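Trainee: Could you show me how to read side-chain contacts in a model? I would like the general idea and then the case at hand.

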Amino acid sequence: MARKRNGRKTQRRRRSQGINLVNAGELYLQTAILTRGLGGTNPLSFFTGVEAFNKQTGTQTGVKGNTVPVYSRDISYGYNPSGASITVPELFGAGGVSATQAQAQLYENFKSNWFSMTVQTVAVRAGFAIGKKLLSKQRTFVNKGLKMTGIGSMVKV
């Protein structure tokens, strides 16, 4: 029977894998599905609250005597609490919006969009799984090229 070593074991060294661009793309699409279904906006706008919108410049009297808002042609970027979308700052009560109202609207959006979000999530996952299998040779070729340029340790495809 072999003797058991009582000495210290050498630590295994692991290389940093870097960021995988395909996985990052899949994560972004999955996040976009959720934020579009729940908040009605893209992931960046959902988390920051910054949206593109047309500013209201005033009102004018309509044909039937009612007042209608007049919007500028220029697109503005900023926080728009009167917009139709829900963002994280609104969930915390920013911009004069009640946090409970925003949470209730988020729940209503979930109830009305859960099926389409589920179908989209499954489709994106299946598409990326099939795409990874079909394009594995091309991805290997690109990764070799990235390794030759010196950025292969930071970025993978």
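Mentor: Let us go through the salt bridges and then the aromatic pairs. Keep in mind that this is a predicted model.

Trainee: Happy to start there. How many salt bridges are there?

Mentor: The general idea is that side chains of opposite charge can pair when their charged atoms come close. In this structure the count comes to two salt bridges. In one of them, the side chains of Arg 125 and Glu 26 meet with an N to O distance of 2.9 Å.

Trainee: Which helices hold Arg 125 and Glu 26?

Mentor: Arg 125 lies in helix H4, residues 99-134, and Glu 26 lies in helix H1, residues 21-38, so this pair ties together parts that are 99 residues apart in sequence.

Trainee: Is Glu 26 buried or exposed?

Mentor: Glu 26 has 10% relative accessibility and counts as buried, because the cut-off for that class is under 20%. Its partner Arg 125 is partly exposed, with a relative accessible area of 42%.

Trainee: Thanks. What does Glu 108 form with Lys 111?

Mentor: Glu 108 and Lys 111 form a salt bridge, and their closest N and O atoms are 3.6 Å apart. Both residues lie in helix H4, three residues apart, which is about one turn of the helix. As for accessibility, Glu 108 is partly exposed at 39%, and Lys 111 is partly exposed at 43%.

Trainee: Now the rings, please. How many aromatic pairs does the structure hold?

Mentor: The structure holds two aromatic pairs. To read such a pair, look at the distance between ring centres and the angle between the ring planes; an angle over 60 degrees counts as edge-to-face. Phe 46 and Phe 47 form one pair, with 5.3 Å centre to centre and 80° between the planes, so their arrangement is edge-to-face.

Trainee: How accessible are Phe 46 and Phe 47?

Mentor: Phe 46 is buried, with a relative accessible area of 10%, whereas Phe 47 counts as exposed at 52% relative accessibility.

Trainee: And what arrangement do Trp 114 and Phe 115 have?

Mentor: Trp 114 and Phe 115 form an edge-to-face pair, with 5.8 Å centre to centre and 85° between the planes. Trp 114 counts as partly exposed at 45% relative accessibility. Phe 115, with a relative accessible area of 55%, is exposed, because that class begins over 50%.

Trainee: Thank you, that gives me a clear order to work in.

How values were computed: Residues numbered from 1 in each chain as written. Predicted model: local features only at pLDDT ≥ 70, side-chain atom pairs only at ≥ 80, totals over all residues. Heavy atoms only, no water. Phe/Tyr/Trp six-rings, centres within 6.5 Å; stacked < 30°, edge-to-face > 60°. Buried < 20%, exposed > 50% of the residue type's maximum accessible area, 1.4 Å probe, protein only. Salt bridge = Lys/Arg side-chain N within 4 Å of Asp/Glu carboxyl O. Helix = DSSP H or I, 4+ residues; strand = E, 2+ residues; numbered from the N terminus.
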